[in-house]
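Dear colleague,

I am handing over the structure we spoke about, with the sequence alongside. Below the display you will find my notes, which begin with the sheet and end with one residue.

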Amino acid sequence: MKILLLGSSGMVGSDCKAVMEKEHDVLTPERKALDIVSWDDVIETMQRVSPKVVINCAGFTDVEACERDEFSVQKINVEGPRNLAQGSARFECKLIHLSSYCVYNGLKSVPQPYFEDDPTDPLSEYGRSKVYSETAVRENAPHYIIIRTGWLYGRYGDNFITDILSRALKGGRKKQTILLEDDQFGSPTWTFRLAYQIREMLHQDVHGTYHATAEGFCSRLDFARFVLEKLKIRADLVAVKTSEISPAAIRPLNGILENRLLKKQGLNIMPEWTKDLNLYLEQYGDELIREAKKTKSR
């Protein structure tokens with residue numbers, strides 16, 4: 001099967017490429033060769049390569065920066081997916097599009113999760129752009145899969161784990177104090193596992209809007225504590241409320257998603273978050289520490 005993969009250099013895209021190319025012909029054009037914001041680029045490329053599936057891992061994902069650059073957010077996160085959806089309709093291929101837990105307002109009481117049919121109510125520019133992107137896909141692509149996920153970490157690109165390690169190690173042997181939210185909850189999800197979940201969905205030829213995160217949940221504080229304890233890194237983790245930090249972008253306090261549709265269809269392969277995170281840190285922990293120390297010394 002020929003797959004056109006956008007955003008292949010990012011955290012999710014890199015793992016999707018590694019997983020998909022074992023069985024399929026995966027095309028990964030760079031942005032200079034295919035800018036999804038350009039209608040002409042999208043149509044010319046799809047006409048030339050004739051993919052059976054388009055996987056969109058491209059996007060403006062810096063939630064804080066999205067608040068400062070609404071124009072770029074709309075271009076990349078909304079117009080881009082709309083172009084891909086219209087191109088997919090024209091050339092009769094399936095579109096797989098990644099969305100986010102940020103489409104919800106997070107006001108449900110923990111541990112109540114969000115289901116696929118819960119109403120969206122985003123709190124940030126990023127969240128709004130993902131809602132609009134979902135609408136663009138549904139209205140234009142006859143064959144689509146929308147995957148809402150969140151709290152992602154992986155081997156490629158910056159994420160919560162690389163940030164925590166950088167903060168914990170920046171003082172050398174001096175023990176660092178790190179303020180972390182204990183009122184934000186979600187499910188840490190390994191992008192490599194998510195790529196395999198996407199592969200499973202692709203092989204089963206499903207359609208619609210799905211949630212795909214690791215099972216179980218924790219707070220940001222618990223997430224960081226698990227990472228640092230596993231890697232034997234000392235730091236003083238101080239619990240704070242999100243309201244005390246006043247971030248530029250408001251994130252949902254409850255970001256727990258239930259993979260209800262995947263489970264209903266017998267397709268859920270997402271394990272408990274601690275199982276995957278433990279495996280990830282065993283495999284890459286030493287490399288992550290070395291890289292964090294290099295970043296600190298620059």
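A pairing at the start of the chain is a convenient place to begin: Ile3 has Val26 in S2 as its bridge partner, and strand S1 (residues 2-6) is joined to S2 by three bridges, the two strands running parallel. Please keep in mind throughout that this is a predicted model.

These strands belong to an open sheet of six, in which the order is S2-S1-S3-S4-S5-S10 and the pairing is parallel. Strand S2 (25-27) and strand S10 (208-211) each have a single partner strand, so that at these two edges one side of each is left without a neighbour in the sheet. From one strand to the next, the twist averages 20°.

Two helices may help you to orient the view. Helix H1 (residues 11-20) lies across S1, S2, strand S3 (53-56) and S4, and runs at about 165° to S1, whereas helix H5 (residues 125-140) packs on the sheet where it touches S4, strand S5 (144-149) and S10, its direction making about 160° with that of S4.

The residue I looked at individually is His97, which is found in strand S4 (residues 94-100). His97 counts as buried because its relative accessible area is 1%, under the 20% cut-off. Its side chain makes a polar contact of 2.9 Å with the side chain of Ser133. Beyond its neighbours within four places in sequence, His97 is in contact with several residues, including Asn56, Pro81, Lys130, Val137 and Ile146.

With best wishes

Technical notes: Residues are numbered from 1 along each chain as its sequence is written. This is a predicted model: local features need pLDDT of at least 70, side-chain atom pairs count only at pLDDT 80 or more; totals for chains, interfaces and linings use all residues. Side-chain values use heavy atoms; hydrogens and water are left out. Helices (H or I, at least four residues) and strands (E, at least two) are DSSP runs, numbered from the N terminus. Buried means under 20% relative accessible area, exposed over 50%, partly exposed in between (1.4 Å probe, protein chains only). A polar contact is a pair of N or O atoms within 3.5 Å; within protein, one must be able to donate a hydrogen and the other to accept it, and residues adjacent in sequence count only if both atoms are side-chain atoms. Contact means heavy atoms within 4.5 Å. Two strands pair if DSSP finds at least two bridges between them. Axes are lines fitted to C-alpha atoms, for helices over the stretch in contact, and angles run from 0 to 180 degrees between N-to-C directions.
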